[in-house]
Amino acid sequence: MAKNWSTFRELLMPDFAETQRGSRGRTLEAALRTAIREGRLPLSTRLPSSRDLAGQLGVSRGTVTAAYTQLAAEGFVVSRHGSGTAVACTLVPPDPRSPDADRAEPRWRYDLRPGLPALGAFPRAAWQAATRAGLAALSDDELGYPNPAGLPTLRRELVGYLGRVRAVDAGDVVITHGVAESLALLAAVLHADGHREVAVEDPTHPGMSEVFAAHGLRPVGVPVDDAGIRVDLLARTGCRVVLVTAAHQFPLGVVLSADRRRELLAWARDRDGLVVEDDYDAEHRYDRPAVAATQALDAERVAYVGSVSKVLAPAIRLGWLVAPTALRDRLVDRKRLSDLGCSPIAQAAFTHLLRSGGYDRHLRRTRQLYRQRRDALLDAVSAELPGWRPHGVAAGLHLVLRLPDGTDDAALQGKLADIGINAPALSGYLVEREAPFPGLVVGYAATTPDRLRAAVSELAGLS
């Protein structure tokens, strides 16, 4: 085929007769690039001359020449005087295997894992508009390496927002790539200060424990009851740092009571300790306003972390860390050494979304959406699985379904997985102790009411 160019258009090119004349150059360029990437034009294949290909496709010779020039600049083809244009012989041949084949996640018929918002509800148009407006507002200098603490305009906007909605004193806020990075930065600084253990709620999110362990801090589990973490048992651990999800404990869904908050802060003062508050799911309370953040009671004993992952989408990769004054400069330096700071363009877009009210509007819409989905799940469970009871307050993106006593929740998780339902067992979130009861940790935010009802019907049929 390399020398038979009469069939080149039919075999490799799209129908240029249907292409708008003004876009033919880009269409030709894309078609050639795709043919090379897919291996339909093998390495070292000589391409037709610009005159020949222009005649075949009914375009100008300049259009073909421009396409060849662009592909040569990208390294897909090489052009030599007297030898014509050929597919570059140095390209890596296409690999028929998927690069992620060994790590591909299973495709669930019903993915009820916790922690995912309704990604289909992401405000694409508002985010695109915010990105354009934010980019236009950036100065030329701000397109360089950013301040590792974050874009000053975003930090100022967050000070107002967090103070307004969570009563947080956010004067020393640092912008991060999310809660995981915030915890990693804290863990690195705390380890450098000599800490080797960190207390965590038991049960807790395993990812948080993994972050601490990866930075040399051994997680020590502290039981949680209906009032939150057991501060009396925390005092027996010897730890001087504790991670809590006070507004909506993950995964049990309880709220840290006012008495426990006071006890926790008294513990921190007595031990010269630090409370790390992950304000998990604080934005999503359906029956009443959420209580203020614990950080509002003692900004010098609490490091406060949050992100946009549960309100917008994890893909935005933006969060915040409000730390006591004594830690702030070292955390910023760690951030600088880690990645030189978060993208100013994403920060500018989020700044505009906050300033324009778009973030609050989206939150109001999704709060209503998630309440409807939670109600649909609970109605279905009540009708078809009356022996299963919800645990925790009406909040967040997930709930725990307490199973009948004696149920092996890990075995049930396995049976559900066999029929394509991803519903994690509560026992999988434990650190050091046995589960307080058997349960499933069920996320509902990312699933429509009809599909939630269908999933519950299959659960009922299996149990």
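**Figure 1. Ser 44 sits in the loop that joins α2 (24-37) to α3 (50-57).** The model shown here and in the other views is predicted. The phi angle of Ser 44 is near 75°, a positive value in a residue that is not glycine. Most residues other than glycine have a negative phi. With a relative accessibility of 46%, Ser 44 counts as partly exposed, because that class lies between the 20% limit for buried and the 50% limit for exposed.

**Figure 2. Asp 281 lies in the loop between β9 (274-278) and β10 (302-307).** Its backbone also has a positive phi, near 60°, in a residue other than glycine. Asp 281 has a relative accessible area of 3% and is therefore buried, the limit being under 20%.

**Figure 3. Two peptide bonds that precede proline, Asp 202 to Pro 203 and Phe 250 to Pro 251, are cis.** For the bond from Asp 202 to Pro 203, omega is near 15°. Pro 203 belongs to the loop between β5 (197-202) and α8 (206-214). For the bond from Phe 250 to Pro 251, omega is near 10°. Pro 251 is in the loop that runs between β8 (241-244) and α10 (258-271). Most peptide bonds are trans.

**Figure 4. Helix α5 (residues 124-137) has buried residues that pack against α12 (344-356).** The helix has 14 residues, so at 1.5 Å a residue it should span 20 Å, and its end C-alpha atoms are 20 Å apart, in agreement. Trp 127, Ala 130 and Gly 134 of α5 are buried. These residues cover an arc of only 60° around the axis and therefore lie on the same side of α5. Arg 124, Ala 125, Arg 132 and Ala 136 are exposed on the other side of the helix.

**Figure 5. Leu 138 is in the loop between α5 and α6 (152-166).** Leu 138 has a relative accessibility of 11% and so counts as buried. Its C-alpha atom is separated by 8.3 Å from that of Pro 344, although the two residues are 206 residues apart along the chain. Neighbours within four places in sequence aside, Leu 138 is in contact with Leu 143, Leu 151, Pro 344, Ile 345 and Ala 348.

**Figure 6. Helices α6 and α12 cross at roughly 35°.** Their axes come within 9 Å, and α6 passes α12 in a left-handed crossing. On α6, the residues that meet α12 are Thr 153, Leu 154, Glu 157, Leu 158 and Tyr 161. On α12, their counterparts are Gln 347, Phe 350, Thr 351, Leu 354 and Arg 355. By class, the residues of the contact of α6 with α12 are five nonpolar, three polar and two charged.

**Figure 7. Helix α7 (residues 179-192) packs with α8 at an angle of about 30°.** The axes of α7 and α8 are 9 Å apart, and α7 passes α8 in a right-handed crossing. From α7, the contact takes in Val 179, Ala 180, Leu 183, Ala 184 and Ala 187. Met 208, Val 211 and Phe 212 make the contact from α8. The contact of α7 with α8 has eight nonpolar residues, with no polar and no charged ones.

Methods
Residues are numbered from 1 along each chain as its sequence is written. This is a predicted model: local features need pLDDT of at least 70, side-chain atom pairs count only at pLDDT 80 or more; totals for chains, interfaces and linings use all residues. Side-chain values use heavy atoms; hydrogens and water are left out. Helices (H or I, at least four residues) and strands (E, at least two) are DSSP runs, numbered from the N terminus. Buried means under 20% relative accessible area, exposed over 50%, partly exposed in between (1.4 Å probe, protein chains only). The expected span of a helix is 1.5 Å times one less than its number of residues. The arc is that of the directions from the helix axis to the C-beta atoms. Contact means heavy atoms within 4.5 Å. Axes are lines fitted to C-alpha atoms, for helices over the stretch in contact, and angles run from 0 to 180 degrees between N-to-C directions. A crossing is left-handed if the near helix is turned anticlockwise from the far one by less than a right angle, and right-handed if clockwise. Ala, Val, Leu, Ile, Met, Phe, Trp, Tyr, Cys and Pro count as nonpolar, Asp, Glu, Lys and Arg as charged, and the others, Gly among them, as polar.
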